[in-house]
Amino acid sequence: MKKEPYTFPLEEFVSKEDFNKIKKFSHDKETPFLIVDLQKIERSYDELVEHMRFAKIHYALKANPMDEVVLVLKNKGSNFDAATVYELDQLLRLGVEPERISYGNTIKKEKDIAYAYEKGVRLFVTDSESDLKKLARKAPGSRVFFRILTESEGADWPLSRKFGAHPDLIYQLILKTQKLGLEPYGLSFHVGSQQRDIGQWDNAISKCKYLYVAAAEKGIHLKMINLGGGFPAKYQAQAHDLETYAKEIRRFLLEDFGEKLPEIIIEPGRSMVADAGIIVSEVIMISKKARFNQYKWVYLDIGKFGGLIETLDECIKYPIFCDKKGCAEEVILAGPTCDSMDILYEHRKYSFPHTMKEGNRVYIFTTGAYTQSCSCVGFNGFPPLRSYLI
Ligand SMILES: *Cc1c(COP(=O)(O)O)cnc(C)c1O
């Protein structure tokens, strides 16, 4: 077998200069940790505004709920989508006005609805009769938007099945809303996170159009469409750039709604913060399971429980770089905990230089979203993922 040299497209993820800064910044720090570049988040926000002038941004803060991230986006003028009273409290503590907050979880305790209402939130999602009645009781007069079920096909991290309801059921809910003392305000969907098939927005927007027309025939004029998240970050599997998403989605909207677009909301999470994060990790051990096995196992000091939960089923394929030279060698990558599900990539083989040794560092790119907030509090005693801002 011919041996190829190890290569990695480093500059697709970080400039040489920034990478040197990161190495310098991190060389005396104990791994693993996440480095978050706030300026990159600001740039993501600006880029989104530039390409999607027709949309209002509600940042879905579960992707990266660090106070500093919220504050940067707050100061940029972003709105926010909260899923729980805990996220709501955080936003209020950081001075975000309730008018800038939507309650975007279809699954809510009645007392949590009452709490949000008392704090001034007046925009709620729903997808069931049970929840709609809770809203009627505890958030009278509020604006309600209805989440449509989508299939999430084409998404690397699907959000299907659990959220949303079939358009027929949504239609029935819309008809009931006014009688319950709420305002039927709009529709929403989420096409699945890291959705690489832009056509999925077309399907979902068509369903919205159908419901808009059906509701209007009953004299109910919806005003808003929430296009959810699903916008891309830069992982190993290629996705179109944001500009292409924006252009196509705008075209789908114009085709269905003409020049007089309804109010449009988007709820980006991943695309806002993922590219701004780099995890620095260390190789704990390199070993083989049998003398003649083809693949070595490389164990890192971070795994599924330390913040890389999205490697479940190898859904999200993070770009991982080892700063050594050598021949490319395919390995199996695993995490450090005593749970055998803590394997990162076994089917998809990652290549590293054959010179890679225990104690070497690896840099895991595009890790600003769904990492720190998903790391365990103490599985096997490992602390939650530390993070630094630069
Ligand atoms: C998680 C979530 C988002 C963010 O999705 P991304 O794909 O990360 O952009 C948006 N809206 C809702 C309701 C969510 O639950």
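In this predicted model, Lys234 is in contact with Glu12, Phe13, Asp275, Pro319 and Thr366, once its neighbours within four places in sequence are left aside. One of these partners, Glu12, also takes part in a polar contact: its backbone oxygen lies 3.0 Å from a polar atom of the Lys234 side chain. Lys234 belongs to the loop between β10 (224-226) and α9 (242-257). Its relative accessible area is 39%, and Lys234 is therefore partly exposed, since that class lies between the limits of 20% and 50%. Gln194 stands 40 residues from Lys234 along the chain, and the C-alpha atoms of the two are separated by 9.4 Å.

## The ligand and its surroundings

Thirteen residues surround the ligand; Lys62, Ser193, Glu267, Gly269 and Tyr370 are those that come nearest. Sorted by class, this shell consists of three nonpolar, six polar and four charged residues.

Three polar contacts between the protein and the ligand are set out below.

| Residue | Protein atom | Ligand atom | Distance |
|---|---|---|---|
| His190 | polar side-chain atom | oxygen | 2.9 Å |
| Gly230 | polar backbone atom | oxygen | 2.9 Å |
| Glu267 | polar side-chain atom | nitrogen | 2.5 Å |

The ligand exposes 390 Å² when taken alone, and the protein buries 92% of that area.

Tyr370, one of the residues that come nearest to the ligand, also has a notable backbone angle. Its phi is near 55 degrees, a positive value in a residue that is not glycine. Tyr370 is located in the loop between β17 and β18 (386-389). With a relative accessible area of 10%, Tyr370 is buried, because the class covers values under 20%.

## Further backbone features

Asn380 is likewise placed in the loop between β17 and β18. Although Asn380 is not a glycine, its phi is positive, at about 60 degrees. Is Asn380 buried or partly exposed? Its relative accessible area is 42%, so Asn380 is partly exposed.

Another backbone feature occurs at Pro32, which is found in the loop between α1 and β1. Thr31 and Pro32 are joined by a cis peptide bond, with omega about 0 degrees.

## Helices with a buried side

Helix α1 spans residues 16-26, and its buried residues include Phe19, Ile22 and Ser26. They lie on the same side of α1 because they cover an arc of only 60 degrees around the axis. The face turned away from this buried side carries Lys16, Glu17, Lys21 and Lys24, which are exposed. What do the buried residues of α1 pack against? Their partners are the strands β1 (33-36), β12 (277-287), β14 (320-322) and β17 (361-365).

In helix α7, which comprises residues 167-177, the residues Pro167, Ile170, Tyr171, Leu173, Ile174 and Thr177 are buried. These residues share one side of α7, because the arc they cover around the axis is only 165 degrees. The elements that cover them include two helices, α6 (129-138) and α8 (199-217), together with the strands β6 (143-147) and β8 (183-188).

Helix α2, formed by residues 38-51, contains Ser44. Ser44 has a relative accessibility of 17% and therefore counts as buried. Apart from its neighbours within four places in sequence, Ser44 is in contact with Ser271 and Met272.

## A loop residue and its contacts

Asp339 is situated in the loop between β15 (328-334) and β16 (343-353). How is Asp339 classed at 27% relative accessibility? At that value Asp339 counts as partly exposed, because buried residues have under 20% and exposed residues over 50%. If residues up to four places away in sequence are not counted, Asp339 touches Phe305 and Phe379. Trp201 is 138 residues from Asp339 in sequence, and the two are 38 Å apart in space, C-alpha to C-alpha.

Conventions. Residues numbered from 1 in each chain as written. Predicted model: local features only at pLDDT ≥ 70, side-chain atom pairs only at ≥ 80, totals over all residues. Heavy atoms only, no water. Near = heavy atom within 4 Å. Polar contact = N/O pair within 3.5 Å; in protein donor to acceptor, adjacent residues only side chain to side chain. Areas by Shrake-Rupley, 256 points an atom, 1.4 Å probe, with all protein chains shown as cover. Nonpolar A, V, L, I, M, F, W, Y, C, P; charged D, E, K, R; others polar. Buried < 20%, exposed > 50% of the residue type's maximum accessible area, 1.4 Å probe, protein only. Helix = DSSP H or I, 4+ residues; strand = E, 2+ residues; numbered from the N terminus. Arc of directions from axis to C-beta. Contact = heavy atoms within 4.5 Å.
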